Amino acid sequence: MRGAKTSLKVALFGGTFDPVHVGHLAIARAAVREFGLDRVYFVPASAPPHKQRADLTEFHHRFAMLALATEGEDRFIPSPMEAQAAGPNYSIDTVRALKKKLAKEDRLYFLIGIDAFLDLNTWRHPVELLSQCDFIVVSRPGYSLADVGKALPEALRPDKAQLRRLRGMKTRGAITLPSTTIRLLGTVRKAVSSTEIRAAAQKSPARLQRLVPPEVAAYIRKEHLYVPVPAQPEKESTIPLKVLSFDRERRSSR
Ligand code: ATP
């Protein structure tokens with residue numbers, strides 16, 4: 001993909017991807033179109049610090065579904081770079097690791113949905129993270145660039161007058177800071193979430209077809225993902241006792 005190009009525009013798209021869905025793919029395609037990205041790395045978290053669900057699907061399944069979903073897209077690359085983390089996956093560590101692999105002249109973007117960006121202040125080293133790469137924030141209906149501004153660490157937050165101006169920017173626009181540029185990417189109109197898919201897989205597997213690529217739907221069915229594991233019948237704990245008492249009776253009757 002580098003080919004004759006001297007520098008690449010690369011995006012890091014992190015998430016739980018449990019499972020990857022048509023919304024994720026639409027976001028990545030829109031970002032490629034809008035910002036001329038050469039590569040989008042889809043990076044599933046092995047232990048996301050912000051989503052500690054006990055029923056998180058095993059990493060290898062989430063990664064396999066990402067590989068299936070991105071197969072036909074030259075610019076989309078599933079990356080296992082967070083697979084080996086000993087503890088929670090912090091974005092700052094992933095960004096540092098990815099930057100080491102890129103050429104100095106390459107440009108790194110952090111691709112993220114606005115709902116996730118709103119938690120930025122609770123992340124590890126948010127100011128440093130913002131200094132390491134540019135951001136592409138995907139909007140959702142009801143949000144504007146002002147919400148992006150309000151979510152910034154205090155030292156970087158726009159003042160009230162600036163926030164008022166940003167309120168009118170709902171689908172595009174940018175906040176330019178000395179260390180980073182945060183661009184808004186217009187709403188990707190795919191009202192879908194992984195939560196909805198996990199529920200659909202239990203109630204109506206046929207609905208999966210319009211929420212995930214067909215290969216991913218087939219994988220979910222084949223591996224019986226997102227369906228409750230049938231409860232094991234309880235073992236008959238009285239049997240050994242009966243045997244014991246039977247033995248005792250036999251012994252005493254000798
Ligand atoms: P869940 O329902 O389990 O919370 P999710 O559908 O939000 O999952 P994630 O893997 O957590 O999927 O999302 C990865 C990234 O994609 C996040 O930045 C999230 O904000 C963004 N995202 C996911 N779905 C959409 C969507 N339909 N529109 C805009 N952004 C989205």
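**Close-up 1. Strand E4 and its partners within the sheet of the predicted model.** In this predicted model, strand E4 is mostly covered, since five of its seven residues are buried. E4 pairs with E1 in the parallel sense over five bridges, and in this pairing leucine 108 of E4 is the bridge partner of valine 10. Five bridges also join E4 to E5, and these two strands likewise run parallel; here isoleucine 112 has valine 137 in E5 as its bridge partner.

**Close-up 2. The open sheet of seven strands.** The protein has 10 helices and seven strands, and the seven strands form an open sheet in the order E3-E2-E1-E4-E5-E7-E6, with mixed pairing. Strand E3 (76-78) and E6 stand at the edges with a single partner strand each, so that one side of each is left without a neighbour in the sheet. From one strand to the next, the twist averages 20 degrees. Of the 254 residues of the protein, 32% count as buried, and among the contacts with a separation of 6 or more, 75% are between residues 24 or more positions apart.

**Close-up 3. Strands E1 and E2, with helix H1 lying across the sheet.** Strand E1 (residues 9-15) and strand E2 (residues 39-44) run parallel and are joined by six bridges. Valine 10 stands opposite arginine 39 in E2, while in E4 the bridge partner of valine 10 is leucine 108, and this view therefore shows valine 10 with a partner in E2 and a partner in E4. Helix H1 (residues 22-35) lies across E1, E2, E3, strand E4 (107-113), E5 and E7, and runs at about 160 degrees to E1.

**Close-up 4. Strands E5, E7 and E6, where parallel and antiparallel pairing meet at E7.** Strand E5 (residues 134-138) and strand E7 (residues 181-185) run parallel and are joined by four bridges, with phenylalanine 135 standing opposite isoleucine 182 in E7. Strand E6 (residues 174-176), by contrast, pairs with E7 in the antiparallel sense over three bridges, and isoleucine 175 stands opposite isoleucine 182 in E7. Isoleucine 182 thus appears in this view opposite phenylalanine 135 and opposite isoleucine 175. E6 and E7 form a hairpin, with four residues between them.

**Close-up 5. The loop between E1 and H1, with a cis peptide bond and a positive phi.** Phenylalanine 17 is placed in the loop between E1 and H1, and its phi is near 50 degrees, a positive value in a residue other than glycine. Phenylalanine 17 is buried, because 22 other C-beta atoms lie within 10 Å. Proline 19 is found in the loop between E1 and H1, and a cis peptide bond, with omega about 0 degrees, joins aspartate 18 and proline 19. Such features merit a close view because most residues other than glycine have a negative phi, and most peptide bonds are trans.

**Close-up 6. The packing of helices H2 and H9.** The axes of helix H2 (residues 59-70) and helix H9 (residues 214-222) come within 8 Å and cross at roughly 155 degrees. H2 and H9 are therefore roughly antiparallel to each other, the cut-off for this description being an angle over 145 degrees. The crossing of H2 and H9 is right-handed. In H2, Ala64, Met65, Leu68 and Ala69 meet Glu215, Val216 and Tyr219 in H9; by class, the contact of H2 with H9 has six nonpolar residues, no polar residues and one charged residue.

**Close-up 7. Histidine 224 in the loop between H9 and H10.** Histidine 224 lies in the loop between H9 and helix H10 (238-252), and has a positive phi of about 50 degrees although it is not a glycine. Histidine 224 is exposed, because 10 other C-beta atoms lie within 10 Å.

**Close-up 8. Arginine 157 in the loop between H6 and H7.** Arginine 157 lies in the loop between helix H6 (145-150) and helix H7 (160-166), and is partly exposed, with 16 other C-beta atoms within 10 Å. When neighbours within four places in sequence are left aside, arginine 157 is in contact with Gly149, Lys150 and Leu152. Arginine 157 and isoleucine 175 are 18 residues apart in sequence and 10.0 Å apart in space, C-alpha to C-alpha.

Technical notes. Residues numbered from 1 in each chain as written. Predicted model: local features only at pLDDT ≥ 70, side-chain atom pairs only at ≥ 80, totals over all residues. Axes fitted to C-alpha atoms, helices over the stretch in contact; angles between N-to-C directions. Parallel < 35°, antiparallel > 145°, perpendicular 65-115°, else oblique. Left-handed = near helix turned anticlockwise from the far one by under 90°. Contact = placed C-beta atoms within 7 Å. Nonpolar A, V, L, I, M, F, W, Y, C, P; charged D, E, K, R; others polar. Pairing = 2+ DSSP bridges. Buried ≥ 20, exposed ≤ 12 C-beta atoms within 10 Å, placed from the backbone.
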